[in-house]
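Here is a friendly walk through a protein model for someone meeting it for the first time. Have the picture open and turn it around as you read.

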Amino acid sequence: MEICSLASGSGGNCTFVSSGGTNILIDAGISLRCIKSALRSLNKSMEDISAILITHEHSDHTKALRMISKYYNTPVFATSGAKTVISYYYPELSGAIGSFEAGDGLNVGSFDIHSFPTPHDASSVGFRINDSEKSFFIATDMGFVTKNIYRNSLGADFAMIESNHDIEMLMSGPYPYYLKQRILSEKGHLSNADCARLVSALAKEGTRRFLLAHLSKENNTPSLAYNEVSRALEENGFSVGNDVYLDVAPGDDMTARYII
Ligand SMILES: [Zn+2]
Ligand SMILES: [Zn+2]
């Protein structure tokens with residue numbers, strides 16, 4: 001299985017996953033032009049994409065949908081709640097989006113996909129994506145790690161997990177109080193500290209590759225996120241770079257590529 005983060009963060013999210021000739025995108029939160037250019041760097045085009053799975057309706061996950069539905073027939077799937085919101089703002093998209101409920105399974109070509117709800121101020125889900133050999137877990141935009149999210153993450157070969165903010169940087173930063181409260185709430189975003197706890201727990205259960213995702217530009221830095229998670233792993237007896245691999249998904253104009 002090949003996993004490429006095409007963009008990650010509040011500026012836009014899009015992840016390419018490929019196996020056995022099936023290519024899918026998780027989210028389409030950057031411009032169509034950027035998606036096409038990132039795909040080109042992987043020797044792929046929009047015509048090669050079998051389906052687009054949307055985690056939720058926020059624009060940093062859906063930005064390209066209007067243009068994609070205008071120029072391509074790529075099947076798009078979102079939760080019924082997310083579809084309702086997207087269709088309210090863009091009625092022309094209502095016929096182009098297939099819906100599912102959080103917890104449903106989806107089959108797309110080589111992939112067996114399971115969705116699970118994530119606590120966020122939207123109809124949000126994460127995905128566990130399996131091919132015949134490997135298993136990929138992706139969860140961003142979550143205020144905290146529910147038991148169900150944890151259950152769905154167990155045993156993944158590769159886990160892409162939100163590491164949105166450094167709590168101190170957020171608290172002392174320029175965001176207005178209500179926005180800080182929103183991010184810190186149970187329906188907000190996952191902090192580096194909470195991400196570090198999940199990564200350590202998963203490493204103990206056998207997951208060996210982690211990609212930190214959806215970093216805030218204002219309230220985090222790649223090195224703060226990396227260091228906090230890396231420190232937690234080392235405290236739990238893992239040697240980062242030797243028995244556990246940790247990386248930070250680049251922001252909006254770089255592709256990070258992994259083969260599992
Ligand atoms: Zn969101
Ligand atoms: Zn987001």
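What follows goes from the overall build to the sheets, the helices and two backbone details.

## The big picture

First things first: this is a predicted model. The protein chain has nine helices and 14 strands. Its radius of gyration is 17 Å, close to the 18 Å that the globule rule gives for 260 residues, so the chain is as compact as a globular protein of that length. If you lay the C-alpha trace along its principal axes, it spans about 50 × 45 × 35 Å.

How many of the residues count as buried? Of the 260 residues in the protein chain, 47% do. Now look at the contacts with a separation of 6 or more: 63% of them are between residues 24 or more positions apart.

## The sheet that starts with strand 1

One open sheet has seven strands, in the order 6-5-4-3-2-1-14, and its pairing is mixed. At the edges you'll find strand 6 (97–100) and strand 14 (256–259), each paired on one side only. Going from one strand to the next, the twist averages 25°.

Zoom in on strand 1 (residues 2–7) and strand 2 (residues 14–19): they run antiparallel, joined by five bridges. As one example, E2 has S18 in strand 2 as its bridge partner. Helix 4 (residues 80–89) packs on this sheet, where it touches strand 5 (76–79) and strand 6, and its direction makes about 105° with that of strand 5.

In general, the strands of a sheet pair through backbone hydrogen bonds, either parallel or antiparallel.

## The other sheet

Another open sheet is formed by seven strands, and this one simply counts up: 7-8-9-10-11-12-13, with mixed pairing. Which strands sit at its edges? They are strand 7 (105–108) and strand 13 (245–248), each pairing on one side only. Here the twist averages 15° from one strand to the next.

Strand 12 (residues 209–213) and strand 13 run parallel, with four bridges between them. Look for F210, which stands opposite L246 in strand 13.

## Two helices that cross

Helix 8 lies across strand 11 (158–162) and strand 12, and it runs at about 165° to strand 11. Helix 9, in turn, lies across strand 12 and strand 13, at about 160° to strand 13.

These two helices also meet each other. The axes of helix 8 (residues 192–204) and helix 9 (residues 222–235) come within 8 Å and cross at roughly 40°. That angle makes helix 8 oblique to helix 9. The crossing is right-handed. Among the residues that meet there are A193, A196 and V199 from helix 8, and L224, V229 and L233 from helix 9.

## Two backbone details

Most residues other than glycine have a negative phi. D27 goes the other way, with a positive phi near 70°. Where is D27? The loop between strand 3 (22–26) and helix 1 (32–41) holds this residue. Is D27 buried or exposed? It counts as buried, because it has 28 C-beta neighbours inside 10 Å, and 20 or more is the cut-off.

N43 has a positive phi too, near 60°. You'll spot N43 in the loop between helix 1 and strand 4 (51–53). N43 counts as exposed, because only 7 C-beta neighbours lie inside 10 Å, and 12 or fewer is enough for that label.

Note on methods
Residues are numbered from 1 along each chain as its sequence is written. Chains are lettered from A and ligands numbered from 1 in the order in which they are written. This is a predicted model: local features need pLDDT of at least 70, side-chain atom pairs count only at pLDDT 80 or more; totals for chains, interfaces and linings use all residues. The radius of gyration is taken over C-alpha atoms; the globule rule is 2.2 Å times the number of residues to the power 0.38. Two residues are in contact if their C-beta atoms, placed from the backbone, lie within 7 Å. Two strands pair if DSSP finds at least two bridges between them. Axes are lines fitted to C-alpha atoms, for helices over the stretch in contact, and angles run from 0 to 180 degrees between N-to-C directions. Angles under 35 degrees count as roughly parallel, over 145 as roughly antiparallel, 65 to 115 as roughly perpendicular and the rest as oblique. A crossing is left-handed if the near helix is turned anticlockwise from the far one by less than a right angle, and right-handed if clockwise.
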